[in-house]
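Q: I am new to this structure and would like to learn how its features are read. Could we go through them slowly, one kind at a time?

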Amino acid sequence: MTCESLFRDADPEISGILERALSDREISAAEGAKLYGAKNLDYHLVGMVADELRKRRAGETVTYVVNRNINFTNVCIKQCGFCAFSRDFRQEEGYMLPTEEIVRRAKEARKLGATEVCIQAGLPPDMDGGLYEEICRSIKAEIPDIHIHGFSPEEILYGAARSGVTPEEFLGRMRDAGVGTLPGTSAEILDQRIRDKISPGRISVADWERIIKAAHKMGIRTTSTMMFGHVEDAQDRTRHIARIREIQKETGGFTEFVPLNFVPDEAPMYKLGAKTRPGADGAEVLLTHAISRIMLNNCIDNIQMSWVKEGPKMAQLLLMWGVNDFGGTLINESISTSAGSEYGQILRPAEIRGIARQIGRIPAERNTTYEILRRFDDAGGSDELDSVTDASRFGSYAELVKIKRFGYKNPRS
């Protein structure tokens, strides 16, 4: 039975929106928000349409990247209400990895088959303006073929301020130092009213857009993200998605869109009793990914889920609700785990391939910019990372904050 044959029993408004989506017409933010109200049959139709659009755009392939996260410091001058990762420079749990340790972790990842290192961190006070460039140049000197996916717009803005240059000039320096792509994080919800509630003083909407567009115009591609399930509503989400779409029409620089469910357990604004939702429930998570596909399908090919936030089983279900990309193996994910995510720091390539095959999809390893490196049409396949039986060798956030040799030392003291 096709989606079209079911429309006659659906709510006329919902079915009208979905029929337009199937005809490759653009769905407005207001129409996208109405899809959040879908119930019963209509609810499942939203998923079916998203899955059909996914098939048209990305086929039956489920992509993933072998990568390692290196969150080199948790010390941050910002006090975002949703962030359980950061520490004030006076706190004992503040850490700062020296450049040689960052390089060691990158080399270890490369030996295990990683093609990418994702580098993001807090914003330490009195940071040397050349630190980010030094990290990149040091990694590239040892591992020239590794892709550096690093430094969010917030970090670019901070690095520029610490260096006394414009963000555009700093982006050029970072590109020359070896940055290949930027994470489109620090976006949260692109509505200044909401940002002032959950992260006052953080990068503004205007500055986030400025840095993203500047990066795209100089050939640095980025991801795009949305954090949902806190204080925003359906209209806020779909306006955010529409804003991402408009940027993509102008620059074409986004590689993917990643909805990120708020993890509340250790988040300050949730623990302190602020009027904050405890993340989105399963039904809402499915709708958010499906609506992202429906609204972005004409301009962004890849919708990615976060298995760290949702878990492997929910991630598998999301592959049937518009998602085509599994994200990365991660190896050392610290930000979500510090917030209370229970799904660990690593998912081996063999596990990702198995999850895809269980629903009849074809797994494929990609690089950061979605070039296919290996397709696994048949059962099997192996990676160096699959041979790692004890993931504890990589350490954890809970252990890292206790290692005295990495303890943060205030440069002003």
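**Reading charges, burial and rings**

A: Let us begin with one residue in a model that is predicted: Lys 249 has a relative accessible area of 47% and is therefore partly exposed.

Q: Which residue forms a salt bridge with Lys 249, and how far apart are the closest N and O atoms?

A: The general idea is that side chains of opposite charge can pair when their charged atoms come close. Here the partner of Lys 249 is Glu 26, with 2.6 Å between the closest N and O atoms. Glu 26 belongs to the loop between helix H2 (12-22) and helix H3 (29-35), while Lys 249 belongs to helix H11 (residues 234-251), so this salt bridge ties together parts that are 223 residues apart in sequence. Glu 26 is also partly exposed, at 44% relative accessibility.

Q: How many salt bridges are there by this rule?

A: The count comes to 39 salt bridges. One of them joins the side chains of Asp 51 and Arg 361, at 3.3 Å from N to O. That pair links distant parts of the chain, with Asp 51 in helix H4 (residues 40-58) and Arg 361 in the loop between helix H17 (349-358) and strand S9 (362-366), 310 residues apart. Arg 361 has a relative accessible area of 8%, and it is therefore buried.

Q: What separates Arg 173 and Glu 169 in helix H8?

A: The side chains of Arg 173 and Glu 169 meet in a salt bridge, again described from N to O, at 3.3 Å. Because the two residues are four places apart in helix H8 (residues 167-177), about one helical turn separates them. Arg 173 is partly exposed, with a relative accessible area of 29%, and Glu 169 is partly exposed at 41% relative accessibility. Elsewhere, salt bridges that share partners join Asp 51, Arg 54, Lys 55, Glu 60 and Arg 361 into one network.

Q: Is Asn 297 buried or exposed, and which residues is it in contact with beyond its neighbours within four places in sequence?

A: Asn 297 is buried, with a relative accessible area of 4%. Its place is the loop between helix H13 (282-296) and helix H14 (307-310), and, leaving aside those neighbours, it is in contact with Leu 53, Arg 57 and Ser 292.

Q: How many aromatic pairs does a search of the whole structure find?

A: The search finds four aromatic pairs. In one of them, the ring centres of Tyr 43 and Trp 321 are 5.1 Å apart and the planes stand at 50°, so the pair is tilted. Tyr 43 lies in helix H4 and Trp 321 in the loop between helix H15 (312-318) and strand S8 (325-328), so the pair ties together parts that are 278 residues apart in sequence. Tyr 43 counts as buried at 13% relative accessibility, and Trp 321 is buried with a relative accessible area of 9%. Another tilted aromatic pair is formed by Tyr 132 and Phe 151, at 4.6 Å centre to centre and 35° between the planes. Both Tyr 132 and Phe 151 are buried, and together with Phe 72 and Phe 170 they form one aromatic cluster.

Q: Where does the charged end of Arg 366 sit?

A: A charge can be described relative to a ring as well. The charged end of Arg 366 sits over the ring of Tyr 370, 4.0 Å from its centre, and Arg 353 lies over the face of Phe 376, at 4.6 Å from the ring centre.

Conventions: Residues numbered from 1 in each chain as written. Predicted model: local features only at pLDDT ≥ 70, side-chain atom pairs only at ≥ 80, totals over all residues. Heavy atoms only, no water. Salt bridge = Lys/Arg side-chain N within 4 Å of Asp/Glu carboxyl O. Buried < 20%, exposed > 50% of the residue type's maximum accessible area, 1.4 Å probe, protein only. Contact = heavy atoms within 4.5 Å. Phe/Tyr/Trp six-rings, centres within 6.5 Å; stacked < 30°, edge-to-face > 60°. Lys NZ or Arg CZ within 6 Å of the ring centre and 35° of its normal.
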